[in-house]
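Thank you for making the time this morning. I would like to walk through one model with you, beginning with a single side chain and working outwards from there.

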Amino acid sequence: MNPRKLLLVGLILALVGAFFAFDLGQYLDLEALKAQQAALNAQVAGNPGRPPGCSSSPTWRSPPCRCPARR
């Protein structure tokens with residue numbers, strides 16, 4: 001088999017293994033997704049003029065927010 005194909009198959013197997021090893025399926029549960037949607041809806045309702053990703057105190061890693069409310 002081609003080395004690139006072997007690398008791709010190995011990467012896919014590693015990702016599938018990590019999915020089960022770290023129990024990432026818990027984040028794809030319907031209740032968890034509904035809870036995240038409710039939290040996002042509450043954040044949007046609380047800050048009508050600001051996009052959901054903008055916070056009032058950005059961390060040192062995040063770029064400055066270009067929200068209309070912060071100009």
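Let me start with Phe 19, which counts as partly exposed because its relative accessibility is 30%, and let me say at once that what you see is a predicted model. Phe 20, with a relative accessible area of 62%, is exposed.

Which rings make up the aromatic pair? The count comes to one aromatic pair, and the rings involved are those of Phe 19 and Phe 20, whose centres lie 5.3 Å apart and whose planes stand at 85°, so the pair is edge-to-face. The cut-off behind that reasoning is that planes over 60 degrees apart count as edge-to-face.

Both phenylalanines also belong to a nonpolar patch on the surface, whose members include Leu 8, Leu 11, Ile 12, Leu 15, Val 16, Phe 22 and Leu 28, and which has about 1,200 Å² of accessible area together. Leu 28 sits in the loop between α1, residues 3–21, and α2, residues 30–46, and with a relative accessibility of 59% Leu 28 counts as exposed.

That same loop also holds Asp 23, which comes after α1 and has a positive phi, near 50°, in a residue other than glycine. Is Asp 23 buried, or is it at least partly exposed? At 46% relative accessibility, Asp 23 counts as partly exposed, because that class covers values between 20% and 50%.

Turning to α1 itself, this helix has 19 residues and reaches 26 Å from its first C-alpha to its last, which is close to the 27 Å expected at 1.5 Å a residue. At the start of α1, a side-chain oxygen of Asn 2 comes to within 3.1 Å of the backbone nitrogen of Arg 4.

Finally, stepping back to the whole protein chain, we find two helices and zero strands, and of its 71 residues 6% count as buried. The protein chain exposes about 6,400 Å², and carbon and sulfur atoms supply 65% of that area.

Definitions and conventions:
Residues numbered from 1 in each chain as written. Predicted model: local features only at pLDDT ≥ 70, side-chain atom pairs only at ≥ 80, totals over all residues. Heavy atoms only, no water. Patch = residues over 30% accessible without salt bridge, like charges linked within 9 Å, V, L, I, M, F, W, Y side chains within 5 Å. Areas by Shrake-Rupley, 256 points an atom, 1.4 Å probe, with all protein chains shown as cover. Salt bridge = Lys/Arg side-chain N within 4 Å of Asp/Glu carboxyl O. Helix = DSSP H or I, 4+ residues; strand = E, 2+ residues; numbered from the N terminus. Buried < 20%, exposed > 50% of the residue type's maximum accessible area, 1.4 Å probe, protein only. Expected span 1.5 Å × (residues − 1). Polar contact = N/O pair within 3.5 Å; in protein donor to acceptor, adjacent residues only side chain to side chain. Phe/Tyr/Trp six-rings, centres within 6.5 Å; stacked < 30°, edge-to-face > 60°.
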